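Colleague: Got a minute to walk me through this one? I'd like to get a feel for it before I go back to the bench.

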There are 2 protein chains.
Amino acid sequence: MPILDDLRTLFGDAHVLTGDDAPQRDWTGLYRWRPLALVRPGTTGEVAAVMRLAHEAGAPVVPVGGNTGLNGGTSAEGALMLSLERLNRIRTYSPSARTITAEAGVVVDVLHRHVEGAGLIFPLRFGASGSATLGGVLSTNAGGANVLRYGMVRDLCLGLEVVLADGRVMNLMNALHKDNTGYDLRDLMIGAEGTLGIITGAVMRLEPAPVAHATALLGMADLEAALALLNRVQAGTGGAVEAFEFMPEAYMARLARVKPDLACPFAPSPVNILLETATTITGEDPVARLETLLLPDLEAGVITEAVIAQSQAQRAKLWAMREAAAEITFTTPDLVDTDISLPLDRLPGFVERMAARIGALDPAAEILMIAHLGDGNIHYTVYPGTSGPALKAEMRAAIAEQTVALGGSFSAEHGVGLSKRQTMARHKDPVALEVMRAIKAALDPKGILNPDKVLP
Amino acid sequence: MPILDDLRTLFGDAHVLTGDDAPQRDWTGLYRWRPLALVRPGTTGEVAAVMRLAHEAGAPVVPVGGNTGLNGGTSAEGALMLSLERLNRIRTYSPSARTITAEAGVVVDVLHRHVEGAGLIFPLRFGASGSATLGGVLSTNAGGANVLRYGMVRDLCLGLEVVLADGRVMNLMNALHKDNTGYDLRDLMIGAEGTLGIITGAVMRLEPAPVAHATALLGMADLEAALALLNRVQAGTGGAVEAFEFMPEAYMARLARVKPDLACPFAPSPVNILLETATTITGEDPVARLETLLLPDLEAGVITEAVIAQSQAQRAKLWAMREAAAEITFTTPDLVDTDISLPLDRLPGFVERMAARIGALDPAAEILMIAHLGDGNIHYTVYPGTSGPALKAEMRAAIAEQTVALGGSFSAEHGVGLSKRQTMARHKDPVALEVMRAIKAALDPKGILNPDKVLP
């Protein structure tokens with residue numbers, strides 16, 4: 001292939017990998033492919049050079065970050081995989097302006113550590129943050145466990161640098177909170193999963209670090225009581241709830257089986273909630289405040305079990321229970337995994353109806369839920385009791401259908417990738433799909449950027 | 001014109017106004033035009049019908065809201081003005097989900113009043129809220145006085161309904177906080193000033209109403225001290241600063257002249273700050289907390305004057321001083337008005353350098369600033385001492401140039417409209433402009449939607 005020769009001339013053999021040296025599956029193992037090659041440019045200019053060559057040759061290009069996606073967004077059959085891993089510099093860091101400018105290949109945990117000690121945090125928090133990269137979380141508009149407090153990745157991004165399909169570099173590297181200079185191209189590129197351009201760098205917003213946390217694991221009988229508690233704690237702390245995570249009994253059972261050291265410290269309740277509040281005000285005691293807010297539910301027996309972390313180590317252990325989710329989910333590879341969101345008041349009804357529908361399709365199926373409950377966001381997984389792709393497709397369709405019927409979204413924070421394109425075709429507004437296709441055609445007329453992803 | 005006959009057939013003469021019955025200027029009087037007609041459809045379906053006719057005829061269409069824009073965004077020479085005023089229904093209101101779904105013609109203050117009493121607020125706050133409409137504030141991504149706490153209009157919007165150039169209706173009416181189903185078309189339409197589609201309805205986010213406010217007017221010697229105070233009050237209240245507005249001595253002087261009943265209650269200082277904090281926690285006393293936080297600056301003489309509102313009436317009066325800004329600015333029509341934003345640490349330097357540059361251009365010029373200081377957003381107005389359009393153009397260019405040189409934006413919250421298109425050409429990233437043009441051509445191939453606006 002002449003394009004491979006050109007790339008080798010530009011970058012050397014070490015950065016153009018082919019055959020078995022190039023990745024051929026994602027981390028879940030659910031998606032497999034044979035790429036043309038993996039190329040590793042080292043700068044934005046080099047990414048642009050790759051895109052100019054690919055554009056000329058009409059070669060498909062799949063941008064790759066930390067390989068932690070769940071929907072096959074980096075599957076790359078016959079395509080050039082463009083890894084951003086060498087774009088791993090922190091360009092500027094301004095604690096006083098509370099911004100950090102970093103390249104796409106910087107790992108999320110590197111950002112966390114970089115700002116530690118300056119009284120700041122980069123808020124994004126989720127299990128894969130030790131591998132996921134800034135470019136990846138921007139391209140999928142990732143969420144995580146504290147969206148309730150700090151928003152999605154979109155809300156944390158002030159500026160972007162993007163290489164377009166033909167190699168032009170678009171500079172939206174702005175560090176301002178207010179900027180109305182034409183169309184919002186930044187938010188168009190965020191969440192586009194590399195189909196409209198390749199994000200090479202970004203200016204990210206930092207937040208004041210809480211000076212103290214209160215972290216509790218609570219056992220409760222039902223979701224309604226948990227949602228009422230969420231409202232009460234939000235009101236009683238002035239919106240200081242950092243996380244409100246739901247781990248049902250079945251999740252705790254699987255956790256105890258796969259990761260016994262992370263087993264629930266009490267006999268799991270039907271509804272187990274990881275609740276964290278925080279304060280940025282020196283001298284305030286969020287633990288005392290949380291205890292006061294929990295007291296009525298404890299006395300009334302609405303909260304049946306409660307553990308409040310007494311140290312950072314205990315806090316870390318409670319979080320480890322939650323952050324093991326992806327790992328314990330994918331230990332059984334024959335599964336239907338989804339990522340949906342619902343209006344909060346529809347959640348209990350969804351859980352009940354969905355269990356009945358799954359049971360009707362396959363009485364031996366097992367359901368595993370883990371939810372960012374405060375955002376209405378459930379990772380709903382089914383392990384079929386009977387195997388076969390047709391049943392799994394039916395389950396997937398039923399989950400999407402039930403979600404949309406209750407005013408929810410069939411893709412909350414993991415993106416569309418390959419796995420939800422058919423759901424897009426079935427449930428997304430048809431005019432919106434036409435507009436997306438028109439934009440895709442305008443920005444990538446040859447259709448070389450992450451082909452077959454997002455758009456059905 | 002056959003299109004006028006068609007429109008009259010559809011809507012009746014009462015809703016198709018021509019000649020002097022149609023608006024021929026904006027409220028500032030700086031922009032004047034002769035429109036083809038003003039048409040007033042009453043539903044989304046009727047807006048779509050107008051657009052189908054206009055698209056077929058190739059007739060330019062300018063959507064119009066409350067006529068409070070400042071950049072000529074509704075100037076409509078020879079165009080069909082499409083008023084959204086009859087789309088004024090509140091479709092659904094869910095206090096428990098904290099959302100309200102309303103049509104584009106609903107006036108912002110109507111939204112404020114609608115949610116009063118349920119412990120909720122629609123946060124958007126600015127002087128023109130008695131006339132500005134939901135469609136208008138979405139189309140310009142308006143800001144206002146409490147962006148610091150609640151964000152821009154973009155941050156308050158969950159879902160949109162948009163009529164496209166050819167009359168197709170795009171339904172993005174989602175009430176979810178997490179939704180990653182394809183490209184972010186909502187944010188693309190917000191702030192596009194009616195050039196990509198006509199917003200006909202939206203789902204807006206509501207926030208818990210503060211149960212108590214602390215509102216103070218402070219006199220200080222310089223901006224650096226004011227910015228240090230802002231940081232201290234943010235840290236000491238856990239980010240509960242609702243507004244931090246800067247009114248310099250010259251603003252107070254003009255206020256005393258034009259609106260004597262709103263004159264500053266103390267001899268104006270060089271820097272006068274309207275500071276408001278709030279709490280949603282019952283029983284908390286934000287006034288006591290604010291007094292404690294102000295004390296060190298009062299004792300050190302950094303704050304030289306201080307008035308803290310003791311009643312809602314006093315609070316309203318302090319706000320009236322701020323909200324008279326547009327009115328007192330435009331009483332002298334020979335002016336250069338701009339709307340810029342800067343990184344906070346660059347603000348003092350900007351103010352100093354800009355004064356020198358304006359003085360060099362025109363020693364008799366008067367400068368009037370009013371700023372959402374916490375957002376780095378200054379409304380910078382110059383009244384030339386010497387008249388002539390060339391000098392004004394030079395001043396406008398100098399302000400934009402100095403802003404961009406310090407890492408700022410030449411359009412913070414008022415949009416681009418007609419008046420900043422040349423600045424877009426000079427200062428916006430050229431690749432970003434190309435991408436905007438490609439999107440415009442893809443969504444409005446005949447160029448009929450608000451022609452000549454936003455894009456140079």
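Modeller: Sure. Let me begin with two of the domains: the centres of domain 3 and domain 4 of chain A, taken over C-alpha atoms, are separated by 25 Å. Keep in mind that this is a predicted model.

Colleague: How many residues of domain 3 and domain 4 of chain A are in contact?

Modeller: On the domain 3 side of chain A there are 16 residues, and they are in contact with 14 residues of domain 4 of chain A. About 1300 Å² is buried between domain 3 and domain 4 of chain A, with carbon and sulfur atoms giving 72% of that. In domain 3 of chain A, Leu227(A), Phe246(A) and Arg254(A) lose the most area to domain 4 of chain A, together 38% of what that side buries.

Colleague: And what's the salt bridge count between domain 3 and domain 4 of chain A?

Modeller: Zero for that pair of domains in chain A.

Colleague: Back up a bit. Where do the domains of chain A start and end?

Modeller: The domain assignment has domain 1 at 2-83, domain 2 at 90-208, domain 3 at 212-327 and domain 4 at 333-430 of chain A.

Colleague: Now the two chains. What rotation superposes chain A on chain B?

Modeller: A rotation of 180°, with 0.0 Å of shift along its axis and an RMSD of 0.0 Å. That is the relation of a two-fold axis. Also, 99% of the interface residues of chain A are interface residues in chain B too, so the copies meet through the same surface.

Colleague: How much area is buried between chain A and chain B?

Modeller: About 5200 Å², and carbon and sulfur atoms give 59% of it. Lys178(A), Asn180(A) and Tyr183(A) supply 20% of the area that chain A buries against chain B, more than any other three residues. The contact takes 69 residues from chain A and 68 residues from chain B.

Colleague: How many salt bridges cross the interface of chain A and chain B?

Modeller: There are 10 salt bridges across it. One to click on is Arg154(A) with Asp184(B), at 3.3 Å from N to O.

Colleague: What about a salt bridge inside one chain?

Modeller: Try Arg40(A) and Glu85(A), whose closest N and O atoms are 3.9 Å apart. Arg40(A) is in the loop between strand 2 (37-39) and helix 2 of chain A, and Glu85(A) is in the loop between strand 4 (80-83) and strand 5 of chain A, so the pair ties together parts that are 45 residues apart in sequence.

Colleague: Switching to sheets. What is the strand order in the four-stranded one of chain A?

Modeller: The order is 1-2-4-3 in an open sheet of chain A, with mixed pairing. Strand 1 (16-17) and strand 3 (61-64) of chain A are the edge strands. Strand 3 and strand 4 of chain A pair in the parallel sense over four bridges, and Pro63(A) stands opposite Leu82(A). Helix 2 of chain A packs on this sheet, touching strand 2, strand 3 and strand 4 of chain A.

Colleague: Which strands does helix 2 of chain A lie across in the other sheet?

Modeller: Helix 2 (residues 44-57) of chain A lies across strand 5, strand 8 (157-163), strand 9 and strand 10 of chain A, at about 45° to strand 8 of chain A. Five strands of chain A make up an open, antiparallel sheet in the order 5-6-10-8-9, and the twist averages 10° from one strand to the next. Within it, five bridges join strand 6 to strand 10 of chain A, and Thr101(A) stands opposite Val203(A).

Technical notes
Residues numbered from 1 in each chain as written. Chains lettered and ligands numbered in written order. Predicted model: local features only at pLDDT ≥ 70, side-chain atom pairs only at ≥ 80, totals over all residues. Heavy atoms only, no water. Least-squares fit on C-alpha atoms with pLDDT ≥ 70 in both. Contact = heavy atoms within 4.5 Å. Pairing = 2+ DSSP bridges. Helix = DSSP H or I, 4+ residues; strand = E, 2+ residues; numbered from the N terminus. Axes fitted to C-alpha atoms, helices over the stretch in contact; angles between N-to-C directions. Domains from an automatic or database assignment. Buried area = accessible area lost by both parts, 1.4 Å probe. Salt bridge = Lys/Arg side-chain N within 4 Å of Asp/Glu carboxyl O.
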